[in-house]
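Here's a quick briefing to read alongside the model. Have the sequence and the 3D view open as you go.

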Amino acid sequence: MAEMPRFQLADTPFDTASLRAQLLDARVGGYASFEGWVRDHNDGRVVHGLRYESYTALAEAEGEKIVDEALAKFDVLDALCVHRVGDLAIGELAVWVGVSAAHRDAAFAACRYIIDEVKSRVPIWKHERYAEGDAGWLHPE
């Protein structure tokens, strides 16, 4: 049986409670998570929504590599990350990271590492729609 990927792209909303449940076992003493939501503004402009696009095969491979790095670098038990693709409305969940560990410090550090690396390395592009009727692509710095 193939192991479930620890990084996934999702084209529909997903349930964070079921993801969190996958990370828990008797060894877990701490859990940390991050949720990134679609906000209604960026750089002083009103945003009406956005679309995420990705190079799927590369995004999944790089995301999996990042989670593997976190598992090796930090004293954690498990970690998962899911990032949405497609059209999202204001307030929708765009990305989720969850990490379980024996202790909280490692869980927090690994969670921060995963989201920072995903945002900088995974080929996912954001196309924002603005109140003025135009739209624009945003790329990580």
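Helices and strands here are DSSP runs, numbered from the N terminus, with at least four residues for a helix and at least two for a strand. With that naming, Asp43 sits in the loop between β3 (41-42) and β4. Keep in mind that this is a predicted model. The points below go through backbone, salt bridges, a pocket, a surface patch and some residue pairs.

**A backbone oddity**

- Asp43 isn't a glycine, yet its phi is positive, at about 50 degrees.
- The loop that holds Asp43 runs between β3 and β4, and Asp43 itself is exposed, with a relative accessible area of 73%.

**Salt bridges**

- How many salt bridges does the count come to? The count is eleven.
- Arg6 pairs with Asp78, and their closest N and O atoms are 2.7 Å apart. Arg6 is in the segment before β1 (7-10) while Asp78 is in strand β5 (residues 76-84), so this pair ties together parts that are 72 residues apart in sequence.
- Is Asp78 buried or exposed? With a relative accessibility of 18%, Asp78 counts as buried, because the cut-off for buried is under 20%.
- Arg51 and Glu53 also meet through their side chains in a salt bridge, at 2.6 Å from N to O. Arg51 is partly exposed at 26% relative accessible area, and Glu53 is partly exposed too, at 34%.
- Over in helix α3, Glu117 and Arg121 lie four residues apart, about one turn of the helix. Their side chains form a salt bridge of 3.0 Å, N to O, and Arg121 is partly exposed, with 26% relative accessible area.
- That helix pair belongs to something wider: salt bridges with shared partners join Glu62, Glu69, Glu117 and Arg121 into one network.

**The second largest pocket**

- What volume does the second largest pocket have? There's about 180 Å³ of space in it.
- Its lining has 13 residues, and Trp37, Arg39, Tyr52, Lys119 and Lys126 are the ones nearest the centre.
- Several elements each give two or more residues to that lining: β2 (30-37), β4, β7 (93-101), α3 (104-121) and β8 (124-130).
- Which element supplies the largest share of the lining? That's β2, with three residues.
- By residue class, the lining splits into eight nonpolar, one polar and four charged.

**A nonpolar surface patch**

- Tyr55, Leu58, Trp125 and Trp137 together make a nonpolar patch of about 420 Å² on the surface.
- To place one member of the patch, Tyr55 is in the loop between β4 (45-54) and α2 (56-73).

**Residue pairs, in sequence and in space**

- Val82 belongs to strand β5 and is buried, at 6% relative accessible area. Val82 and Trp96 are 14 residues apart in sequence, and their C-alpha atoms are 5.4 Å apart in space.
- His83 is in strand β5 as well, and at 2% relative accessible area His83 is buried. How far apart in space are His83 and Arg104, C-alpha to C-alpha? The two are 21 residues apart in sequence and 23 Å apart in space.
- Leu23 sits in helix α1 (residues 16-23) and is buried, with a relative accessible area of 2%. Along the chain Leu23 and Leu77 are 54 residues apart, and 8.1 Å separates their C-alpha atoms.
- Tyr31 is in strand β2, where Tyr31 is partly exposed at 26% relative accessible area. Tyr31 and Cys111 are 80 residues apart along the chain, with their C-alpha atoms separated by 9.3 Å.

Notes. Residues numbered from 1 in each chain as written. Predicted model: local features only at pLDDT ≥ 70, side-chain atom pairs only at ≥ 80, totals over all residues. Heavy atoms only, no water. Patch = residues over 30% accessible without salt bridge, like charges linked within 9 Å, V, L, I, M, F, W, Y side chains within 5 Å. Areas by Shrake-Rupley, 256 points an atom, 1.4 Å probe, with all protein chains shown as cover. Salt bridge = Lys/Arg side-chain N within 4 Å of Asp/Glu carboxyl O. 1 Å grid on protein atoms, 1.4 Å probe; cavity = no way out; pocket = protein on both sides within 12 Å on 5 of 7 lines; lining within 4 Å. Points joined across faces, edges and corners; volume = space filled by probe spheres on them. Nonpolar A, V, L, I, M, F, W, Y, C, P; charged D, E, K, R; others polar. Buried < 20%, exposed > 50% of the residue type's maximum accessible area, 1.4 Å probe, protein only.
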